[in-house]
Structures are given as C-alpha cells and as structure tokens.
Amino acid sequence: MEYFLQQLINGVTLGSIYGLIAIGYTMVYGIIGMINFAHGDIFMVSTMISLVAVVLILSIGITAVPVILLLLLLVSLLLTSLYGWTVERMAYRPLRGSFRLAPLISAIGMSIVLQNYIQNAQGADKKSFPTLIPGYMSFFNEGSFPVILQYSQLSVMVVTVVVLCIFTWLVTKTSLGRAQRACEQDLKMAALLGVNVDRTISLTFVIGAALAAVAGLMHLIYYGVTDFYAGFVVGIKAFTAAVLGGIGSLPGAVLGGLTIGLIETFFAGYVSVDYKDVAAFSILAIVLIFLPSGLLGRPEVEKV
Amino acid sequence: MSEPLLSVQGVKTYYGNIIALRGVDVTVNSGEIVTLIGANGAGKSTLMMTIFGSPQAREGRVIYEGKDITRRRPDEIARMSMALCPEGRRIFPRMTVFENLQMGAIVTDGTGFDRDLERVFTLFPRLKERLQQRGGTLSGGEQQMLAIGRALMSRPRVLLLDEPSLGLAPLIVKQIFNALRELNRSEGLTVFLVEQNAYHALRLAHRGYVMVNGVITLTGTGKELLKRDEVRAAYLEGGKGGVEAAAGH
C-alpha cells in the first residue's frame, strides 16, 4: 500500500510534466493538423535556457529561492516562446499550402537543428541543475516503507495545476482563446470573420512553447539534469500522451500525460525499470490500433 | 448615379488550371438587394469567395467603397464592414451560440455589443433561447439564423449570403427572407444573395444576375427576370425540364 502510494506520487509528478508538453502537440495539431516533432526539442531548449539563467542569477548574488524561481520562470517563458515563434515562422509558415507531409519533414529537420545547435553551443555532456527546493515530507513513518513526498514534487504538481488553470481561462474565456478555438474548428471561416489566421497560429506555437518552458523548469527542479538529447524521449512520450488523450483535445492531453506518467512509473515500480519506455510506447501502439481517436478525442468523421 | 458600393470587373478565377469564372461583371449599389442565380456549379459561390479574397481573382478587379480589394486577405476584407455567410453556414460546432455571435463581433471594438446582440435576437428570437447551446447541436434552420446573426454582429454595410435557403423547410426560408427584407428596408443594409431558390430570391431582390458556366448571361430587375422565358424554363420550372432532359439522355 505504501509502495503503491509512493509510485502514485512519482507518477503524478512525471505525468504533470508530460501533460504540459502534450498540450503543445495537441494544440498545434488541432489548428494546422501537423505533428510538431520539434516540440520536444523546444522543451529541451527551455531546460538549457533555465540552466544558463540560473547560473547568471546565482552569479549576480540573488539567493532567495522564490525570487530565483520567479526569475527563471520569466526568462524561460519569454525566451522559449520566442523559440517557438521563430520555429513556426522559419520552418512551417513558408510551407503552408504545400503538401501535407512538407511541414512534418521540416519539423523533423528543425528537431535535428535544435539538438545539434545545443550540442555545439553547450557541449554533449549532462548538465546538472542546483537543488533549489530541497526537503521532503514523509508519511507512514512507523511502517516498513515510509512514503516520501519531496517538496520539489509538490511544487511540480502545484505549478502544473496553477498553469493549467491560467491556460484554461485563456482558452475558454478570452477573445484570443476564442479566436484560437475558432481557427481550430474552421480555419477558413475564422478568416472570413476577420481573424488573422497567421497571427493565431503563431500564438498557438507561443502558448505551446510557454507550457513546454514551464515543463522544462519543473523537469530540472525534479530531476536536476538535462542534456541536448533530453527532448527526444520526453517529447515522444508527451506525443504518446497527446495521442492517448485524443489528439486535438486539450483535456485529453492532460489526462493522457497523467496516464502515461502513471503507467510508466508503475511499470518501473512493479515490473522492470529497464523496460519502462517499452510500457509507455506499447500504449501508443495499442491506442493507435484499438482506439485511434484516443480517450477524449473525436472520431475523424466530419459532417458536411 | 453614384459609384456602386461593390463592383466586380472582368474577374477571372481559377482553381489550379481550371477556370471557374470567365470574366464576370457585377455591381451592387448601396441599399440594394441583388441576387445571383444559376445552376449548381455555375460559379456562384466562387464569385462570392473571390469577392472575399479566397481564392483571389487571377484577372480583373474587385472594387469596394472605391478601394481595390482584389489582393486583400479575407480577414482584411472582413474588417472593411463587409460580411459573408458562406455556403454550408459553417457555424463553429463546438462553440456555444453566444460564442459564435462573439466571433462575429471580433472586427468591432466591442462597444455596442449588447445592442447588436439585441438586434439579432429581435430578428431571430430562437437564438436567444439557444444561447448556451453548442452550435453543432442546432437544427439547420437555427444554424442559418445563427450564421446570419453572426455576420450581422460585425455591423456590415454589405452582407454576402451564399444559399441561405439550402436544405431548409419552406417556412424557415420564408422567415429568413423576411428578415433580410426587413434589414434592407429599415436599416438600408445592402445584400448580395446567391441562390438556387430563384423564385424567392428574385421576388426579394431589386436586381438579379443569371450565371451560366462562369459568365453572366442575363441581368435585370427581379421582376423582369421572373418573367423571362429562359429564366422560367431553367430555374423556375426547371424541376420538370431537368428531369426530362436527364431522362432523354
């Protein structure tokens, strides 16, 4: 029981990070029907931005942890969004109206570009991030297996909930979010009503990148390491989460992220740590075969 | 006579290499209801979409309020107080009726939103009852009302309507055409209407155009066109003639 609870805590933490990244995949797919394979690398770039930023912040003598975190979040959000915006502008927008596979290929290219750029700029070795949120709570101390909730895990969960609330408000209540959803449902009609479609697509990439930036910082706080290749596996898993939740569905992305996080953690905890990735990707295969529209997705039948 | 509000001059539109409009001239004066009738595939919807810049005309010009809008993007044209209700209504299915109407108002600065909303509710009281319902769950007639309401929320000077009667019960068609007549009469709204339902359209319109295979073949007042033999044969009693022609070959 205690062991189960411990895995649950670990799984939810990991799932939160996957969920935040999965939103980026699902939003972009919803609006332009393309899988942005560079999204995982945007996440990786955000961890590097946070890493460089934390060194700078510490070097100018700021030591208060809340201030550091806030600054990190701010810097990482801004710069990562800029990356997201630039990638769309450079690699995808010129291909709009081209054949369907063109932006997909361009995305894979962009992924390679970002990885190699970071590898060259920062080196290929693993980089460690200082422990900003130390300490933990422990429960069931009398038993044989105390359950530990690290404060870093708690912050990942709290930040994820807060960010998701802000994000939900943005998408459902503001005119920007309304324009975004309109474009997702009928791009041409949205344009006929006066929505600047290019700007809305840019905005979608910026929001996706911003969420990836939050995920990147959370990842660093929890795991404490990153490298130029960190975006690949995490990105593919977040993509799996988006597919599991039903690609195009925002609540689905979060649900899928949590599910993948939990499956992976429980598999690692009860079956085999070495094969946890197999568990996660088996889900992708199973979903694609038996439930192609995902948990909360809509079937691909459009009424005309 | 003053300059027309909207004029289409020698417009040619292609889909790839296939020509859809072969040089079309149409004018719409301020305060008029003008209709364009023609068979399926004649290019009526293409003309409507070409006016709105999607697709753009390859040759010719579209002049609106004295400005050349041939090369403008649809969203720019929407900001010039022109509104389009496209074929198939294209309601946002997963947005509520209220959100759909809000989408119509995005080109306005937001002031007067409540007044515009009231105006739409006066025309189509049904929408008020359905306000929080998702667009996709409305009936065809309600969706058409919503499409027109959404277009009116942008406070257009000219409203382009593509086949508003398509697939609707006669009673609903009557209601929608009455609403258009009322808007034109009381507010001077200019309407450019594409219709297959030629009888109702020509009775409503001040002037009409007949399009065949991407060119305008006839023009005149609504009453004149209603009396023309070729119009009657092709579009009014065409049901019978069409069936016979199809059976003959």
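Helices here are DSSP runs of at least four residues, numbered from the N terminus. Keep that in mind as you work through these exercises on a predicted model.

## Exercise 1: Placing a residue in chain A

**Task.** Find where A:Met34 is found in chain A, and decide whether A:Met34 is buried, exposed or partly exposed.

**Solution.**

Step 1. Look at the elements on either side. A:Met34 lies in the loop that links helix H1 (2-32) to helix H2 (39-59) of chain A.

Step 2. Count the crowd. A:Met34 has 19 other C-beta atoms within 10 Å. A buried residue needs 20 or more, and an exposed one has 12 or fewer. A:Met34 therefore counts as partly exposed.

Step 3. List the contacts, leaving aside neighbours within four places in sequence. A:Met34 touches A:Val28, A:Tyr29, A:Pro103 and A:Leu104.

Step 4. Try a distance too. A:Gln115 is 81 residues from A:Met34 along the chain, and their C-alpha atoms are separated by 20 Å.

## Exercise 2: A covered helix

**Task.** Work out how many residues of helix H6 (residues 175-185) of chain A are buried, and name what covers them.

**Solution.**

Step 1. Go through the eleven residues of H6(A): eight of them are buried, and the helix is mostly covered.

Step 2. Name them. The buried residues are A:Arg178, A:Ala179, A:Gln180, A:Arg181, A:Ala182, A:Cys183, A:Glu184 and A:Gln185.

Step 3. Look around the helix. From chain A, the cover includes H1, helix H5 (151-173), helix H7 (187-192) and helix H8 (197-223). Chain B takes part as well, since H3 of chain B is included in the cover.

## Exercise 3: Where the chains meet

**Task.** Describe the side of chain B that touches chain A: which helix gives the most to it, and how do its residues divide into nonpolar, polar and charged?

**Solution.**

Step 1. Start with the counts. On the chain B side 20 residues make contact, and they meet 16 residues of chain A.

Step 2. Find the helices. Helix H2 (74-78) and helix H3 (97-104) of chain B each supply at least two residues of this side. H3(B) gives the most, with four residues.

Step 3. Sort by type. The side of chain B that touches chain A has eleven nonpolar, four polar and five charged residues.

Step 4. Check the predictor's scores. The complex has an ipTM of 0.89 and a pTM of 0.88.

## Exercise 4: Reading a sheet in chain B

**Task.** Give the order of the four strands in the open sheet of chain B, then follow the pairing from strand S1 (residues 6-15) to S4(B) and on to S5(B).

**Solution.**

Step 1. Write down the order: S2-S1-S4-S5, with antiparallel pairing. The edges are strand S2 (18-28) and strand S5 (67-68) of chain B, each of which pairs on one side only.

Step 2. Take S1(B) and S4(B). Five bridges join these antiparallel strands. For example, B:Ser7 stands opposite B:Ile63 in S4(B).

Step 3. Move on to S5(B). Two bridges connect it to strand S4 (residues 59-64) of chain B, again antiparallel. B:Ile63 has B:Asp68 as its bridge partner in S5(B), while B:Tyr64 stands opposite B:Lys67.

Step 4. Look at the turn. The hairpin of S4(B) and S5(B) has two residues between the strands, and B:Glu65 takes a positive phi near 50° there.

## Exercise 5: The two chains as wholes

**Task.** Describe the overall fold of each chain: what is the secondary structure of chain A and of chain B, and how does the radius of gyration of each one agree with the globule rule?

**Solution.**

Step 1. Count the elements. Chain A has eleven helices and four strands. Its radius of gyration is 19 Å, close to the 19 Å that the rule gives for 304 residues, so chain A is as compact as a globular protein of that length. Chain B has eleven helices and ten strands. A compact globule of 249 residues would have a radius of gyration near 18 Å, and the 18 Å of chain B agrees.

Step 2. Add the spans. Along the principal axes, the C-alpha trace covers about 65 × 50 × 35 Å in chain A and about 50 × 40 × 40 Å in chain B.

Step 3. Look at burial. In chain A 46% of the residues count as buried, and in chain B 45%.

Step 4. Finish with confidence. Chain B has a mean pLDDT of 90, with 94% of its residues at 70 or more. Over residues 239-249 of chain B, however, the pLDDT is below 50, and this stretch has one contact beyond near neighbours in sequence. Where pLDDT is low, the predicted coordinates should not be read in detail.

Conventions:
Residues numbered from 1 in each chain as written. Chains lettered and ligands numbered in written order. Predicted model: local features only at pLDDT ≥ 70, side-chain atom pairs only at ≥ 80, totals over all residues. Contact = placed C-beta atoms within 7 Å. Nonpolar A, V, L, I, M, F, W, Y, C, P; charged D, E, K, R; others polar. Rg over C-alpha atoms; globule rule 2.2 N^0.38 Å. Pairing = 2+ DSSP bridges. pLDDT = per-residue confidence, 0-100.
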